[in-house]
Number of protein chains: 2
Amino acid sequence: MERIRNELTDYRGTGMSVMEISHRAPQVLELLERTQEKIRRLMGLAGDDVVLFLQGGGSLQFCMVPMNLSAAGDAVDYIDTGYWAAKAIDTARQLGRDVHVAAKNHSAIPLALNVWADARYLHICTNNTVMGTQWQDIPASPIPLVADMSSDILSRNIDVSRFALIYAHAQKTIGVAGVTVVIVPRKTQEMIQPGLPSFFDYRTHAVASSNYHTPPVFAIYVVECMLDWLEQEVGGLKAMETLNKRKAALLYETLDASTLFRCPVPLGSRSMMNVVFDAVNPKTVPIFCQQARDAGLLGLEGHRARSGFRASLYNAVTLEDVEALTRFITDFERRYG
Amino acid sequence: MERIRNELTDYRGTGMSVMEISHRAPQVLELLERTQEKIRRLMGLAGDDVVLFLQGGGSLQFCMVPMNLSAAGDAVDYIDTGYWAAKAIDTARQLGRDVHVAAKNHSAIPLALNVWADARYLHICTNNTVMGTQWQDIPASPIPLVADMSSDILSRNIDVSRFALIYAHAQKTIGVAGVTVVIVPRKTQEMIQPGLPSFFDYRTHAVASSNYHTPPVFAIYVVECMLDWLEQEVGGLKAMETLNKRKAALLYETLDASTLFRCPVPLGSRSMMNVVFDAVNPKTVPIFCQQARDAGLLGLEGHRARSGFRASLYNAVTLEDVEALTRFITDFERRYG
């Protein structure tokens, strides 16, 4: 944040803010190229895998995925693991796709999948922010695998070769609202449907290097700052994963040892990003909320679609932040347990 | 820019950046509500006219306008006045609309229109950035009038009751890339097609107060800063129009008096926002370019789709900036004319 503040009125010696520079200026073209290259390097992508910076959030990708990878009436496969996965399914249905749900479970990651071999692709949401579940291992898929990684991209080291498409809005783990990263491997570029309106066709944005229409320059600049931090301060994705595992383990251990709180998510499904928990006795809820706020621990309320508590441990949350929370829980336990 | 810099790490006493606040937080809901209200007040909109903050730029609106206001196969009417108007036409055709071009002229605003009475709507681009033309008067239309005001919204006082829909990306006159303002008057809400995928339906975003998916909070915050400046420092749209008229008149008068440069745009079509001009003798072009750069006058090159020069006089350009340019042209004229 300090770097952004310092550079705000003078971007790399131009004397202008990055917000003021024309999207055709070499500085912006270089920003797009550099940021794409940094994502490629961090994730281990090949040189001909395309990285796009689009607008419209995950919601537009709920539309663009079926539009690009299937025709109206085609069979497509989705796994329904929660709030956002269900939205992706609704959207594919609205677009006239024959959606088959290979598995549905909102409280744990499903073990058995019933994938249609003739569906165009299988869509998963790798981390489910509301119910606090996460695919700890990427499922085997006989058909092209598409992943919404909006809430866990660049939080762990994954084998990108397993995916036919990856998309993620930036605001959870790698930046601010306003830009969505879409990774289209070379093999997938051949799957894209003919006759799409240009705006919806991934190839339009690929050919234009994400500059088909004015890109959200400031949001992309924030992503670049986060990538630099990930690479230079944290030390890359393996180091980030190690740190995120420690953060999550510390909090889950504290909750499992608690008599006042419990985590409802089974072991193999627990999210490193969103730790969901409940009070055993509902009467402690308002006291806990008030005291947490007083202690400066904000944002512990669950998503409006699920009551209870939720601690989000995205990349920007430090181990010290988690330690402060676990100390608070342990102390609360001593006083009220 | 200084206000943004000062508030960057502490938004209104929250101790957080506006980029870090949850999109469900009251601060963000209030930001959306306030910004919508300020646009309503500045433009003289009615309380039930909806103001949306969307992503995807003008390009997504090229899709959403035909999707919302017509069905596939329906007749729609467009006026082709330049680069962006032509893109809107291409997109409507790609979406299977029966596009009728009511008039086409890229070098002047057309005088005679051949509007189909049974087309769903008539689409115009009010200001044409590449060729430097602008609708000085809004054309009469027997069918609902839709306007792309991406390059002149809030630059002048217009009669909003004339329009069935107005859209504008923010980066030219009211903010930074990443947010698009769409104004959907109440009467138009009844025209919207049934059965649209939720993301593309204006009503989805209206019901959700532009928070259906995470809005581009930072870009909207910059828009609010610009609206405050427009209202409090400039004194509203009439004052802004007076200032913009003075700026443009000064530059056009200088060009019309020049023997080295000429403006190719006829009087009744000239844009207040983008003043396009050419060198009478091509040999003076590199000398003029070099000396302008040396004098700190940047961005005078024409759009890549048109050679020659272009001075963009958007709201943020001051009268003093224009005076510096006209002094430079007059001085250049004295030395080389």
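The following dialogue examines how terms are applied to chain A of a predicted model.

Tutor: Residues are numbered from 1 along each chain as its sequence is written, and chains are lettered from A and ligands numbered from 1 in the order in which they are written. In this predicted model, local features need pLDDT of at least 70 and side-chain atom pairs count only at pLDDT 80 or more, whereas totals for chains, interfaces and linings use all residues.

Student: What makes strand E2 and strand E4 of chain A a pair?

Tutor: Two strands pair if DSSP finds at least two bridges between them. Strands are DSSP E runs of at least two residues, and helices are H or I runs of at least four, numbered from the N terminus. Two bridges join E2 (residues 75–80) to E4 (residues 122–125) of chain A, so the pairing criterion is met. These two strands run parallel, and A:Tyr78 stands opposite A:His123 in E4(A).

Student: Which strands of chain A stand at the edges, and why?

Tutor: The open sheet has seven strands in the order E1-E9-E8-E7-E4-E2-E3 (chain A), with mixed pairing. Strand E1 (50–54) and strand E3 (98–104) of chain A each have a single partner strand, so one side of each lacks a neighbour in the sheet.

Student: How many residues does each domain of chain A give to the contact?

Tutor: Chain A is divided into domain 1 (2–234) and domain 2 (237–336), with bounds from an automatic or database domain assignment. The contact takes 24 residues from domain 1 of chain A and 25 residues from domain 2 of chain A; residues are in contact if their C-beta atoms, placed from the backbone, lie within 7 Å.

Notes: Two residues are in contact if their C-beta atoms, placed from the backbone, lie within 7 Å.
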